[in-house]
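Student: I've just opened this one and don't know where to start. Could you walk me through it?

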Amino acid sequence: MPHRTIVPPVQPATETQFRNAWLVSLARLCAKHGDDKVAQWLGISERHLRNVRSGASLPSADKLWGLLAHDDSAHDEMDALYGLRHVPLDALCSTDPLTRDLIALANEVAQSEDLDSPGGIVVTDHELLQKDEHRMRRVYNTLGVWLDRIGSMRRPRSVA
């Protein structure tokens, strides 16, 4: 049986690859927030920022990581070099087990069906629109796949 790697192997980035990813990230951040704001976040002057943007120097690691406090997408291009993405520690990800989504969804439903909620045990449109639609769709899609699998396993097989 062939060995199948679930997580692709991560290769270290070269200094040039990292610098290029950093410069793309920096350009995106400056376009999104403005040079003055990004320079402030890095603790440097706008003049120094122009030198950094030319690729002349990289900021120290603490400054680079500090950007995440201001924009959680600050490392997207660098993370992509390693096949990773930056998400909050408590984020529900598409690769998390269904159990976490089901528990979170059950909690949302319980709150909406509480007698003291706006609609009582009936979920109002307003309550429904406040639900995490992405989570509901993940649960719906996963359960749909499971139901299809069950259906195909129980389907009568033809005899030749």
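**Packing around the helices**

Student: Which residues does Trp 22 touch, leaving out those up to four places away in sequence?
Tutor: Keep in mind that this is a predicted model. Skipping residues up to four places away in sequence, the contacts of Trp 22 are Val 52, Leu 58, Pro 59, Leu 64, Leu 67 and Met 78.

Student: Which helix gives the most to the largest nonpolar core?
Tutor: That core has 16 residues, and among those touching the most other members are Trp 22 and Leu 67. At least two residues apiece come from α1 (15-33), α2 (35-42) and α3 (46-53). The top contributor, with 5 residues, is α1.

Student: Why do the buried residues of α2 line one face of the helix?
Tutor: The ones to look at are Val 38, Ala 39, Trp 41 and Leu 42, which are buried. Their cover includes α1, α3 and α4 (61-66). Looking down the axis of α2, you'd find these buried residues on one face, because they fall within an arc of 160 degrees.

Student: Which residue follows α2, and what is its phi?
Tutor: Just after α2 comes Gly 43. Its phi is positive, near 75 degrees.

Student: Which residues are exposed on the other side of α6?
Tutor: Start with the buried ones: Leu 98, Asp 101, Ala 104, Leu 105, Glu 108 and Ser 112. They span an arc of only 135 degrees around the axis, so they sit on the same side of α6. Among what covers them are α7 (125-129) and α8 (133-154). On the other side of α6, the exposed residues are Thr 99, Ile 103 and Gln 111.

Definitions and conventions:
Residues numbered from 1 in each chain as written. Predicted model: local features only at pLDDT ≥ 70, side-chain atom pairs only at ≥ 80, totals over all residues. Heavy atoms only, no water. Buried < 20%, exposed > 50% of the residue type's maximum accessible area, 1.4 Å probe, protein only. Helix = DSSP H or I, 4+ residues; strand = E, 2+ residues; numbered from the N terminus. Arc of directions from axis to C-beta. Contact = heavy atoms within 4.5 Å. Core = buried A, V, L, I, M, F, W, Y, C linked by side-chain atoms within 4.5 Å.
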